[in-house]
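Me: Please take a close look at a single part of this structure and work outward from there. Keep it brisk.

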Amino acid sequence: MIRLYSYWRSSAAFRVRIALNLKGLPHEIVPVSLAPGVSENRQAAYRAKNPQMLIPFFEDGDVAINQSMAILEYLEETYPEVALLPAKNPLRSRVRAFCNIIACDIHPLQNLRVQNYVSTEFGGDKAAWTTHWISEGCRALEALLGDGPYAFGENVTLADALLVPQIYNAGRFNVPLTDFPRIVAAAAAAGELAAFRQAAPEAQPDCIH
Ligand SMILES: N[C@@H](CCC(=O)N[C@@H](CS)C(=O)NCC(=O)O)C(=O)O
């Protein structure tokens, strides 16, 4: 049985929800609340599973994995039937590089715990911080995007599974996206697919809006 420990608004969990749906893998969503004042991720039961106390966390029978990119790679290797990486290089590496811009260079800096630290410890303007780093990353994504309609052509790839949650986050933090029409269009195209719609924050059992 596949279990995904998820929070409706977690964009890292959103990536994995998309991949599970695209691959058609039956799974159970286990909500873990990150809501301020609740923070189930910091409680002993979840901490015992994932000492990093972050969402998502993944179980497939006896296999347990943290970190969304490691989970996505596991899914790709273990359930290759609906491939989410192009078969050949250099496209395969280009898709991975695109994913890493989001996973390694944008998401860690826009994360709420980082925003809060910037503002409480250093008196920084967290909205300006977030807008800067998301915009900087989006500029690179816009330049490196492949041919449409999806991020890298006619087949949906992991790039789309990372891009759609990243565009969702940009909206959540009110970051203007007018300079990045190509990535916005690619995210809109993928976002219409059932696998993406069913993975969306608003479609989650723990969504509170
Ligand atoms: N690099 C990690 C990032 C995980 C992450 O930062 N998750 C956020 C939600 S998107 C989280 O759990 N935040 C809770 C907290 O900061 O306490 C991954 O890709 O899994």
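**Helix H3 and its surroundings**

Reply: Start with Leu72, which is found in helix H3 (residues 68-78). The model is predicted. Leu72 has a relative accessible area of 1%. Buried means under 20%, so Leu72 is buried.

What does Leu72 touch, leaving aside its neighbours within four places in sequence? The contacts are Arg15, Val16, Ala19, Leu158 and Leu162. Take Ala19 from that list. Ala19 and Leu72 are 53 residues apart along the chain, yet their C-alpha atoms are separated by 7.1 Å.

Leu72 has buried company in H3. Ser68, Met69, Ile71, Tyr74, Leu75 and Glu76 are buried as well. The cover over the buried residues of H3 includes H1, S3, S4, H4 and H7. Take these partners in turn, with the sheet leading.

The sheet is open and has four strands, in the order S2-S1-S3-S4. Its pairing is mixed. Strand S2 (27-31) and strand S4 (63-66) are the edges, each pairing on one side only. Direction ignored, neighbouring strands are turned by 15° against each other on average. Strand S1 (residues 2-6) runs parallel to S2, and five bridges join the two. Ser6 stands opposite Pro31 in S2.

H3 packs on this sheet and touches S3 and S4. The direction of H3 makes about 140° with that of S4. Helix H1 (residues 11-22) lies across S1, S2 and strand S3 (57-60). H1 runs at about 155° to S1.

Which residues does Phe58 touch, not counting those up to four places away in sequence? They are Ile2, Arg3, Leu4, Leu20, Val63, Ala64, Ile65, Ile71, Tyr74 and Leu75. Ile71, Tyr74 and Leu75 also belong to the buried set of H3.

Phe58 leads on to the core. The largest nonpolar core has 66 residues. Phe58, Leu75, Phe98, Leu163 and Ile183 touch the most other members. H7 gives the largest share of this core, nine residues.

H7 is part of the cover over H3, and H7 also packs against another helix. Helix H7 (residues 158-172) and helix H8 (residues 181-191) meet at an angle of about 105°. Their axes are 9 Å apart. H7 and H8 are therefore roughly perpendicular to each other. On the H7 side, the contact uses Asp160, Leu163, Val164 and Ile167. On the H8 side, it uses Ile183, Ala186, Ala187, Ala190 and Gly191. By class, this contact has seven nonpolar, one polar and one charged residues. Leu163 and Ile183, both in this contact, are among the core residues that touch the most other members.

H4 also helps cover H3. Helix H4 (residues 91-110) packs with helix H6 (residues 126-144) at about 175°, with axes 9 Å apart. H4 and H6 are therefore roughly antiparallel to each other. H4 contributes Arg94, Phe98, Ile101, Ile102, Ile106, Leu109 and Gln110. H6 contributes Trp129, Thr130, Trp133, Ile134, Gly137, Cys138, Ala140, Leu141 and Leu144. These residues divide into 12 nonpolar, three polar and one charged. Phe98 of H4 is part of this contact, and Phe98 is also among the core residues that touch the most other members.

Back to the starting point: Leu72 is buried, and H3 packs on the sheet, with H1, H4 and H7 included in the cover over its buried residues.

Note on methods:
Residues numbered from 1 in each chain as written. Predicted model: local features only at pLDDT ≥ 70, side-chain atom pairs only at ≥ 80, totals over all residues. Heavy atoms only, no water. Axes fitted to C-alpha atoms, helices over the stretch in contact; angles between N-to-C directions. Parallel < 35°, antiparallel > 145°, perpendicular 65-115°, else oblique. Contact = heavy atoms within 4.5 Å. Nonpolar A, V, L, I, M, F, W, Y, C, P; charged D, E, K, R; others polar. Core = buried A, V, L, I, M, F, W, Y, C linked by side-chain atoms within 4.5 Å. Buried < 20%, exposed > 50% of the residue type's maximum accessible area, 1.4 Å probe, protein only. Pairing = 2+ DSSP bridges.
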